[in-house]
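Reader: Could you take me through one part of this model at close range, and then show me what lies around it? I would enjoy a connected account rather than a list.

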Amino acid sequence: MVQSVELLLDDATEAHIRGQWELLSATGIHSPPADHRPHITVAVAREIWPRLDATLAGHPFSPLPIRLGGLLIFGARHPILVRLVVPTEPLLALQRRIATVIAPCPGIPATTRPGSWTPHVTLARRLKADRIADALEAVAADRDFPATVVGIRRWDGDRRHEWPIAPGDGVHG
């Protein structure tokens with residue numbers, strides 16, 4: 001499994017993404033389960049050493065305005081539908097700072113390294129090729145919209161456990 005560092009979204013954006021998940025689910029498209037929280041993954045490793053949590057938490061954090069943009073499809077064998085997060089220098093700087101902290105950890109995918117990372121929020125996983133058009137149609141009417149990153153969390157996929165690194169408004173326990 002993997003561990004990650006993730007950016008958390010304001011309540012209104014989280015509700016909006018959950019609404020998109022519901023639209024996809026209503027058309028039979030596999031979307032994240034109800035207990036899953038919309039987020040932007042900024043760093044992934046096979047293991048992120050616990051001692052790095054203090055380093056991550058030691059960096060100053062304040063809410064970061066972002067913009068959710070268009071739809072993208074990642075992958076060919078197991079396509080994933082995502083909503084792009086429009087890259088900005090403050091967002092990329094935050095990702096670089098976090099990536100630098102976890103750089104010594106094992107099993108970091110190349111796609112999460114600075115310069116190769118595509119910020120996004122996942123809308124649907126394991127799309128069947130014949131359902132991609134249905135998935136796009138279900139959520140394509142949405143326009144770009146402003147959002148705010150309100151916190152940073154750590155996620156341990158093995159234990160299915162999360163904890164705050166830099167909590168802010170809208171951070172769930």
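Author: Happily! In this predicted model, helix H4 spans residues 132–139, and its buried residues include Ile132, Ala135 and Val139. These three sit on the same side of H4, because they cover an arc of only 65 degrees around the axis. Turn to the face pointing away from that buried side and you will find Ala133 and Glu137, which are exposed. What, then, covers the buried residues of H4? The cover includes helix H1 (11–26), together with strand E3 (64–74), E4 and E5.

Two of those strands lead us on to the largest pocket. Strand E4 (80–85) and strand E5 (120–124) each supply at least two residues of its lining, as do strand E1 (3–9), strand E2 (39–45) and strand E6 (145–156). The space in this pocket comes to about 780 Å³. Its lining has 29 residues, and the closest to the centre are Glu6, His39, Thr41, Thr122 and Arg125. By character, the lining divides into 13 polar, 11 nonpolar and 5 charged residues.

Two of the lining strands also belong together: E1 and E2 pair in the antiparallel sense, over 6 bridges. Within this part of the model, Leu7 stands opposite Ile40 in E2. As for how covered E2 is, 6 of its 7 residues are buried, leaving the strand mostly covered.

Technical notes
Residues are numbered from 1 along each chain as its sequence is written. This is a predicted model: local features need pLDDT of at least 70, side-chain atom pairs count only at pLDDT 80 or more; totals for chains, interfaces and linings use all residues. Side-chain values use heavy atoms; hydrogens and water are left out. On a 1 Å grid over the protein atoms alone, a cavity is a set of points where a 1.4 Å probe fits but cannot get out, and a pocket is an open set with protein on both sides within 12 Å along at least five of seven lines; lining residues have an atom within 4 Å of a point. Grid points are joined across faces, edges and corners, and a volume is the space filled by probe spheres set on the points. Helices (H or I, at least four residues) and strands (E, at least two) are DSSP runs, numbered from the N terminus. Ala, Val, Leu, Ile, Met, Phe, Trp, Tyr, Cys and Pro count as nonpolar, Asp, Glu, Lys and Arg as charged, and the others, Gly among them, as polar. Buried means under 20% relative accessible area, exposed over 50%, partly exposed in between (1.4 Å probe, protein chains only). Two strands pair if DSSP finds at least two bridges between them. The arc is that of the directions from the helix axis to the C-beta atoms. Contact means heavy atoms within 4.5 Å.
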